Amino acid sequence: MTNLNNNAAALDVNAPQEASPELQNWRDTTLAASLTRMPTRKENFDTLSGLPIKDLYTADDVDSSAVIGLPGEYPYTRGVHPTMFRARPWTIRQVAGFGTAEDTNGRYKYLLDHGETGLSTDFDLPTLLGYDSDHPIGMPEIGKIGVAVDTVDDVRLLMADIPLDKVSTSYTINASAFVLIGMYEVVAKDQGVTAMQITGTCQNDILKEYTAQNEYIYPPAPAVRLVVDTMEYAAKMMPRYNAISVSGYHIREAGSTAVQELAFTLGAAHCYVTEAVKRGLSADFVAPRVSFFWDIHNDFFEEICKLRAARRLWARMMKEWVGAKDPKSWMMRAHSQTAGVSLTAQQPDNNVARVAIQALAAVLGGTQSLHTNSKDEAFQIPSEGAIKIAVRTQQILELENRVADVVDPLAGSYYVENLTNRLEAEAEDLLRKVLDRGGMVQSIEDGWIQQQIADASSAYQRALEAQTEYMVGVNIHVDEESKLPFDPFVLDPTVGERQINRLQSIRKSRGQAEFSAALKEIKEAAVGQQNVMPAVVRAIRAQATVGEICDVLRGVYGGYRAPTVY
Amino acid sequence: MHQPSTEFIYKERVMMSRPLRVVVAKPGLDGHDRGAKIIARAFRDAGMEVIYTGIFQTVDMIVRTVLEEDADVLGLSILSGAHLHFGEEICKALREQATREVLVVMGGIVPAPDIIKLKEFGVAEVFGPGTHTTAIVDYVKDWYQAQ
């Protein structure tokens, strides 16, 4: 990796700092006297990710070689826009999806009526994994954790009455994302939206499926190929559409530390961009539309610093490592979601407080859009009442607390700048380790990344059980009454039947000749190492199903059995 | 005649017999395996022999693994909401095919009314979020001791 300029050496943040005479004097007198009277609560303090933290940070702790810069300028530590939330507040984007397309469309209208400003879709497991609703493995899961989509007709119903030139929509789908991106394009264009007007995002980050969320179909290498196909296709056909949202969220939810979340996410993004470059595309053709998705966990300062560090490291990677020239390629635009894993099923009202504080961290960290979890989201599809509190939490932050009125207000804090520097340096070290051992795909295939995450997850669980980490209401301040106080969300029991009926009637009525020709074209493109997207879109227009399209590529790429690491 | 203590009988049994064999399985399409991996590690650390199936397991695959591995315990982890379907099908298949009792336990997000149904199907216990791993390990050991 000769093109990797090593800036980490300049940021030797772990080197012991020489205390100034004034500080040393304070330690010897004022502090020492206080500690004699009242010792600290514990000997060592650290961040949620285990980075040791000191009692006090001063100017001595801020490495002067780390560039903080100004907002809207390289290296974007202080945010990607010069005005940040003074010109336009972050987008309130709550993810939603359950049942059939009509059910979820109803939820979207509820959310928009309550002041949500962008949409986000969760799909059910059969859709995520490229199976039709009437496939035996998928039937028990139809509509349970997201909306069921089989054909483009479902997407049309999902987006009914929603102007796709005005409301940006994000799709949380990965292994079969290439099909849903095509369906979204078809529906938007049928609505009369022009290519330049289509906005929105697809998660489409397959690498973190192998390391964290486990919703994959094909082996990693061809799956990355498919991602690059979509990036190339979207850049040509709908240039304002973000074909990918590289996600740390799931890595963190799987139990990683903040440093691992940073390293493995930026590693994935680097992999997609460099694969596109290998294909002959310029980095500046694809990188401006690479977006990101972060988990906002409980350690308030660490999460703020994580977003700042992520922006600076990505800017440096794109400019110095990859050689991108367009400032848009250096800018990390990101969605954030409060940490689902921090929610507790016990005493669920406490989740409102957790979410509010995490949301504040996301805003102070400079996120572009935000999902605040509903208090009942730890155990079910959120109820409307709980979702409303979550949306209102964001509106209170924006309209009452005045936290959106100054750009990057915590910059210059000794602790914040020190922790930003350390997170960046630690993440860069770990990312270089991955690249040195053969890159992301190699480190996924041999299970190395999964092992790192499993170790961190297990260490946190042990700490909870040893009560060196706390979850209020779970391992401390526990209520005697252990029954979970909630009414379960009940999915309409006719969902499966309704979905399968629609699917089977489409299979009967569609034109078979065009359908078969389009599927054949997908296969030929895949075998010939050409971009499969034009053929996929043709098949979508011929009402091919998600399962049928994914099956064609199963025939070419095969399935995948991941190493089981725990 | 001197009566050995219950504790002695237990220790002798454990020492003379093979370790407990536990299959940890993820049925269906749900990929959320943080809990499954944590509990697999906890069983292993408690000296049990653990077979973790990985994800995307059908009912047939899970039952076959339990029988082929001669497992004493089957731990199912489900967070997708499909727990009733898989709980019922797997317990039914084990009743039909297993030659001796297999303890079936489940972990995941399961509403209280569904726990009652799962116990009727034959799931011995359902462990919800926040359960101490040692509580699950102890439950399994106590069951084995009572056999």
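Here are some notes on this predicted model, taken chain by chain and then at the contact between chains A and B.

1. Overall make-up of chain B. Let's start with the smaller picture: chain B has 6 helices and 5 strands. Reading from the N terminus, the elements go α-β-α-β-α-β-α-β-α-β-α. Of its 147 residues, 45% are buried. If you take the contacts in chain B with a separation of 6 or more, 73% of them come from residues 24 or more positions apart.

2. The sheet of chain B. The 5 strands make an open, parallel sheet, and the order across it is β2-β1-β3-β4-β5. At the edges sit β2 (49-52) and β5 (125-127) of chain B, each of which pairs on one side only. Ignoring direction, neighbouring strands in this sheet are turned by 20° against each other on average.

3. How β1(B) and β2(B) line up. Strand β1 (residues 21-25) of chain B runs parallel to β2(B), and 4 bridges join the two. If you want to find the register on screen, look for Val24(B), whose bridge partner in β2(B) is Tyr52(B). Another pair to look for is Arg21(B), which has Glu49(B) as its bridge partner in β2(B).

4. The two faces of β2(B). Which side chains of β2(B) point to one face and are buried? Those are Val50(B) and Tyr52(B). Glu49(B) and Ile51(B) point to the other face and are not buried. So the side chains alternate along this strand. Tyr52(B), as it happens, is also the bridge partner of Val24(B).

5. Helix α2(B) against the sheet. α2(B) packs on the sheet of chain B and touches β1, β2, β3 (73-78) and β4 (103-108). Its direction makes about 160° with that of β2(B).

6. Where chain B meets chain A. Here 27 residues of chain B are in contact with 31 residues of chain A. On the chain B side, the elements giving two or more residues are α2 (34-45) and α6 (133-146). The largest share, 5 residues, comes from α2(B), the helix that also packs on the sheet of chain B. What is the mix of residue classes on this side of chain B? There are 10 nonpolar, 12 polar and 5 charged residues.

7. The sheet of chain A. Over in chain A, 8 strands form an open sheet with parallel pairing, in the order β6-β5-β4-β3-β10-β9-β8-β7. The edge strands are β6 (201-202) and β7 (244-247), each pairing on one side only. Further in, strand β9 (residues 333-338) of chain A pairs with strand β10 (residues 369-371) of chain A in the parallel sense, over 3 bridges. Ser336(A) is a handy marker, with Leu370(A) as its bridge partner in β10(A).

8. A helix pair in chain A. The axes of α9 (residues 258-278) and α11 (residues 300-322) of chain A come within 11 Å and cross at roughly 30°. Because of that angle, α9(A) is roughly parallel to α11(A). The crossing of α9(A) past α11(A) is right-handed.

9. Who touches whom in that pair. From α9(A), the residues in the contact are Ala258(A), Leu262(A), Leu266(A), His270(A), Val273(A) and Thr274(A). They meet a set in α11(A) that includes Ala309(A), Leu313(A), Trp314(A) and Met317(A), along with Glu302(A) and Lys306(A). Sorted by class, the residues of this contact come to 10 nonpolar, 2 polar and 2 charged.

Notes: Residues are numbered from 1 along each chain as its sequence is written. Chains are lettered from A and ligands numbered from 1 in the order in which they are written. This is a predicted model: local features need pLDDT of at least 70, side-chain atom pairs count only at pLDDT 80 or more; totals for chains, interfaces and linings use all residues. Two residues are in contact if their C-beta atoms, placed from the backbone, lie within 7 Å. Ala, Val, Leu, Ile, Met, Phe, Trp, Tyr, Cys and Pro count as nonpolar, Asp, Glu, Lys and Arg as charged, and the others, Gly among them, as polar. Axes are lines fitted to C-alpha atoms, for helices over the stretch in contact, and angles run from 0 to 180 degrees between N-to-C directions. Angles under 35 degrees count as roughly parallel, over 145 as roughly antiparallel, 65 to 115 as roughly perpendicular and the rest as oblique. A crossing is left-handed if the near helix is turned anticlockwise from the far one by less than a right angle, and right-handed if clockwise. Two strands pair if DSSP finds at least two bridges between them. A residue is buried if 20 or more other C-beta atoms lie within 10 Å of its own, exposed if 12 or fewer, and partly exposed in between; C-beta atoms are placed from the backbone.
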